[in-house]
Amino acid sequence: YQRRVHGRSRMMFWLLLIASCSALYVDIPANSFKCFSEEIPDNFDISGFFKAKSEGAGQHISMRVTNPSGVVVAEQKGDHGSIKFRTNTHGDYSLCFHNNLQEDIKYSEEMKRKIQFDFLVGTAAKDYKQVARKHHLKPLEIQLRMMEDTVKEIHSEYHYFKEREAEMRDTNESTNARSMWITIINVCVFLAFASWQVLHLKKFFITKKLINR
């Protein structure tokens with residue numbers, strides 16, 4: 001049993017290590033921006049960093065993170081920076097990079113800067129080296145802590161998406177009910193209009209003495 005736990009913890013360690021080492025690159029033209037979004041539950045740890053990998057005279061980089069309500073929860077300016085915060089509401093969080101050109105610099109379509117960045121969510125955002133130093137944990141203990149946090153994160157995500165599924169199901173049922181009533185109303189209006197039209201034509205024909213009452 002101990003060997004099995006050790007093997008799983010080592011696998012989890014390498015998965016988290018690979019996730020934490022992965023970084024993305026994006027080219028941002030001058031006077032432009034690019035955004036990325038991710039749906040994140042509440043009470044999740046978030047961390048990220050960015051670094052400009054190319055020179056750009058007069059091109060100033062800034063990174064901004066907004067919550068689902070559009071409120072800025074983290075912001076950094078410069079050629080490099082990092083952020084760290086904890087979500088207080090669920091929904092789509094947006095990560096945006098802006099490349100602002102100085103007013104005294106002439107714009108050119110060739111102007112752009114390459115940005116390296118990483119955006120870590122949940123367990124991948126925690127610094128387990130710092131946790132190990134703070135609590136004096138051994139390597140196996142810190143791996144077990146990582147596994148425990150991962151299980152809690154999966155459990156939290158499961159309940160979050162289960163609630164979202166229930167909300168979507170209620171919305172679909174409500175939409176279907178409204179559609180049914182709209183259909184019924186349309187049929188009633190059509191029948192009423194058809195009845196009125198028949199009566200009107202009958203009255204017209206009687207007036208013209210084309211038919212008897």
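Asn67 is a good place to start: this residue is buried, with a relative accessible area of 10% (buried means under 20% relative accessible area, exposed over 50% and partly exposed in between, using a 1.4 Å probe and protein chains only). The model is predicted, so local features need pLDDT of at least 70 and side-chain atom pairs count only at pLDDT 80 or more, while totals for chains, interfaces and linings use all residues. Residues are numbered from 1 along each chain as its sequence is written, and side-chain values use heavy atoms, with hydrogens and water left out.

**The chain as a whole**

- The protein chain has three helices and eight strands (helices are DSSP runs of H or I with at least four residues, strands are runs of E with at least two, and both are numbered from the N terminus).
- Along the sequence, these elements follow the pattern α-β-β-β-β-β-β-β-β-α-α.
- The protein chain has 213 residues, and 27% of them count as buried.
- Contacts (heavy atoms within 4.5 Å) reach far along the sequence: of those in the protein chain with a separation of 6 or more, 79% are between residues 24 or more positions apart.

**Around Asn67 and Thr66**

- Asn67 sits in the loop between β4 and β5 (72–77).
- Not counting residues up to four places away in sequence, Asn67 touches Val73, Asp92 and Tyr93.
- Glu39 is 28 residues from Asn67 along the chain, and their C-alpha atoms are separated by 10.0 Å.
- Thr66 belongs to strand β4 (residues 59–66), and its relative accessibility of 17% makes Thr66 count as buried.
- With neighbours within four places in sequence left aside, Thr66 is in contact with Val71, Val72, Val73, Asp92, Tyr93 and Ser94.

**The disulfide and the cysteines**

- A search of the whole structure turns up one disulfide (a pair of cysteine sulfur atoms within 2.5 Å).
- Cys35 and Cys96 form this disulfide, with their sulfur atoms 2.0 Å apart.
- The pair ties together distant parts of the chain, 61 residues apart: Cys35 is in strand β2 (residues 32–40) and Cys96 is in strand β7 (residues 91–101).
- The disulfide of Cys35 and Cys96 is right-handed, because the torsion about its S-S bond is about 110 degrees.
- Cys35 is partly exposed, at a relative accessible area of 38%, whereas Cys96 counts as buried at 12% relative accessibility.
- Cys188 has a relative accessible area of 45% and is partly exposed.

**Leu95 in strand β7**

- Leu95 is found in strand β7 and counts as buried, with 3% relative accessibility.
- Beyond its neighbours within four places in sequence, Leu95 is in contact with Lys34, Cys35, Phe36, Met63, Arg64, Val65, Phe117 and Phe119.
- Gly48 lies 47 residues from Leu95 along the chain, and 9.8 Å separates their C-alpha atoms.

**Loops worth a look**

- Most residues other than glycine have a negative phi.
- Asn31, although not a glycine, has a positive phi of about 55 degrees; Asn31 is in the loop between β1 (24–29) and β2.
- Asn43, also not a glycine, has a positive phi of about 60 degrees.
- The loop between β2 and β3 (45–52) holds Asn43, which counts as partly exposed at 48% relative accessibility.
- Ser108 is in the loop between β7 and β8 (112–121) and is partly exposed, with a relative accessible area of 28%.
- Pro29 and Ser108 are 79 residues apart in sequence and 9.3 Å apart in space, C-alpha to C-alpha.

**Helices α2 and α3**

- Helix α2 (residues 128–135) and helix α3 (residues 139–207) have axes that come within 10 Å and cross at roughly 125 degrees (axes are lines fitted to C-alpha atoms, for helices over the stretch in contact, and angles run from 0 to 180 degrees between N-to-C directions).
- The two helices, α2 and α3, are therefore oblique to each other (under 35 degrees counts as roughly parallel, over 145 as roughly antiparallel, 65 to 115 as roughly perpendicular and the rest as oblique).
- α2 and α3 make a right-handed crossing (the near helix is turned clockwise from the far one by less than a right angle; anticlockwise would be left-handed).
- Tyr128, Val131 and Ala132 of α2 make the contact with Ile142, Arg145, Met146 and Asp149 of α3.
- The residues of this contact between α2 and α3 comprise five nonpolar, no polar and two charged (Ala, Val, Leu, Ile, Met, Phe, Trp, Tyr, Cys and Pro count as nonpolar, Asp, Glu, Lys and Arg as charged, and the others, Gly among them, as polar).
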